[in-house]
Amino acid sequence: MDLKGIIRENALPYLPAKSLFRCAGVCQGWRFQISTAFFAHNQSNSFRGISGFFFQSLAGMPAFMSLDPRAYGVPDPSLTFLPEPVDVRTSCNGLLCCQGRTPYRPYYICNPANKQSKELPKPDGDHGPDPAVVLVFEPSIMNFTANYKLVCPFPSELGEYKFEVYSSDRGSWRTSGEIRFDDNEKLLPKTGVHVNGIVYWLSTRGVTSFDLNSELCMINGKLCAACIRNQKFVFMLTNPQSHTRRRAAVKTWTRILPEIKLDSTLPVESTTCPCNYSGRYCDGHNQLHIVFVGDVVVLRKRNSYYCIDMNKKASNCLGEYIIHPYERFVGYVNGLVNLY
């Protein structure tokens, strides 16, 4: 195999979508390779790096902040290819979940890289004006169909939380039999994350998780808070605790993990102020905004945004953006996932 063939077979699948669209202009062979469904499937399994963040601009339209504009990007950051204006809710491995603004407020699953989208049927439960919905999508090399789930906790008429799950396999919503009882707890929207088959939300009492396999709800020992103290990151964890009808409660505890020093070039002043309970903000004179996605951390100071690679211990400036201080950042992977 010549060098061009080696690159085509062993390098192209590991590139992000924007870079691949530019590579398609190299020659006809590469253009054909990149345009096939098999290549898109292979790329969505090979490239998993966080590429940037979707957020709502002050004008109300979706926007995209790229970690590297030369390599990562989408052709329509405002998502105008969708049937109506939308709010970005959640993302997972190249797929984005948005919600329309019409009274019906439908959910849309889309891939901004190839502009493919699908409208989901109406849920049975009332998810509210700001749903704590989480998209779960794990590409599989053995499955050419993009199988994904959407999980949303919602309060019932009796005050307890129920969990509604949409499955692309069934094409419908189903309310789980699990119910979370706690009159003093409220799940916080815009905090849901998915890790290894378990969905986590921050709540007014800690961290609540929902296992997609067993469909059990619990408090679990995962990240619940983070802040900056004396130019260092401080993380806090909680131990397992359950508040459901199926398990007994266990006493909680917290501890501070080893601190990680920030790059000395990052212009963030030291602060001893306590962080917001959501774990995404550290309020005070510096107005620090902290977002954790995989190995990437984004800090906001005034209107400037900085990216920190936790593995490389390196930081760089992403530029200036005028964004509402409590707007959520949704991490996005620049992949070629096909929805159909």
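**Close-up views of a predicted model**

**View 1. A bridge pair inside a four-stranded sheet.** In this predicted model, C98 has Y108 of β5 as its bridge partner. Step back a little and you meet the two strands involved: β4, residues 95-100, and β5, residues 107-111, pair in the antiparallel sense over four bridges. They belong to an open sheet of four strands with antiparallel pairing, ordered β3-β4-β5-β6. At its edges sit β3 (86-92) and β6 (116-119), each of which pairs on one side only. From one strand to the next, the twist averages 25°.

**View 2. The loop between β4 and β5, with R105.** Now follow the chain into the loop between β4 and β5, where R105 is found. R105 is not a glycine, yet its phi is positive, at about 50°. That is worth a second look, because most residues other than glycine have a negative phi. R105 counts as partly exposed, since its relative accessibility is 24%.

**View 3. L79, another residue with a positive phi.** L79 is placed in the loop between β2 (62-66) and β3. Its phi is near 60°, a positive value for a residue other than glycine. Is L79 buried or exposed? With a relative accessible area of 1%, L79 is buried.

**View 4. The β1 and β2 hairpin.** Here β1 and β2 pair in the antiparallel sense over five bridges. One pairing to look for is F55, whose bridge partner in β2 is A63. Five residues lie between the strands of this hairpin, and G60 takes a positive phi near 95°. Take a moment to look at both faces of β2: P62, F64 and S66 on one side are buried, and so are A63 and M65 on the other. Because five of its five residues are buried, β2 is largely enclosed by the rest of the structure.

**View 5. An edge-to-face pair between F54 and Y332.** Searching the whole structure turns up 15 aromatic pairs, and this view shows one of them, F54 with Y332. The ring centres are 5.4 Å apart and the planes stand at 80°, so the pair is edge-to-face. F54 lies in strand β1 (residues 52-56) and Y332 in strand β24 (residues 330-332), so the pair ties together parts that are 278 residues apart in sequence. F54 counts as buried, at 0% relative accessibility. Y332 counts as buried too, with a relative accessibility of 0%.

**View 6. A stacked pair, Y305 and F329, and its cluster.** What sort of pair do the rings of Y305 and F329 make? Their centres are 5.5 Å apart and their planes meet at 25°, so the pair is stacked. This pair also links distant parts of the chain: Y305 belongs to strand β22 (residues 304-309), and F329 to the loop between β23 (314-320) and β24, 24 residues apart. Both Y305 and F329 are buried. Widen the view and you will find F53, F55, Y305, Y321 and F329 linked by ring pairs into a cluster.

**View 7. A nonpolar patch on the surface.** Which residues form the nonpolar patch seen here? They are M1, L3, I6 and I7, which together have about 420 Å² of accessible area. L3 is found in helix α1, residues 3-10. With 61% relative accessibility, L3 counts as exposed.

How values were computed
Residues are numbered from 1 along each chain as its sequence is written. This is a predicted model: local features need pLDDT of at least 70, side-chain atom pairs count only at pLDDT 80 or more; totals for chains, interfaces and linings use all residues. Side-chain values use heavy atoms; hydrogens and water are left out. Two strands pair if DSSP finds at least two bridges between them. Axes are lines fitted to C-alpha atoms, for helices over the stretch in contact, and angles run from 0 to 180 degrees between N-to-C directions. Rings of Phe, Tyr and Trp (its six-membered ring) pair if their centres lie within 6.5 Å; planes under 30 degrees apart count as stacked, over 60 as edge-to-face and the rest as tilted. Buried means under 20% relative accessible area, exposed over 50%, partly exposed in between (1.4 Å probe, protein chains only). Patches are made of residues with over 30% relative accessible area and no salt bridge: like charges are joined within 9 Å, nonpolar side chains (Val, Leu, Ile, Met, Phe, Trp, Tyr) within 5 Å. Accessible areas come from the Shrake-Rupley method with a 1.4 Å probe; for residues, only the protein chains shown count as cover. A salt bridge is a side-chain nitrogen of Lys or Arg within 4 Å of a carboxyl oxygen of Asp or Glu.
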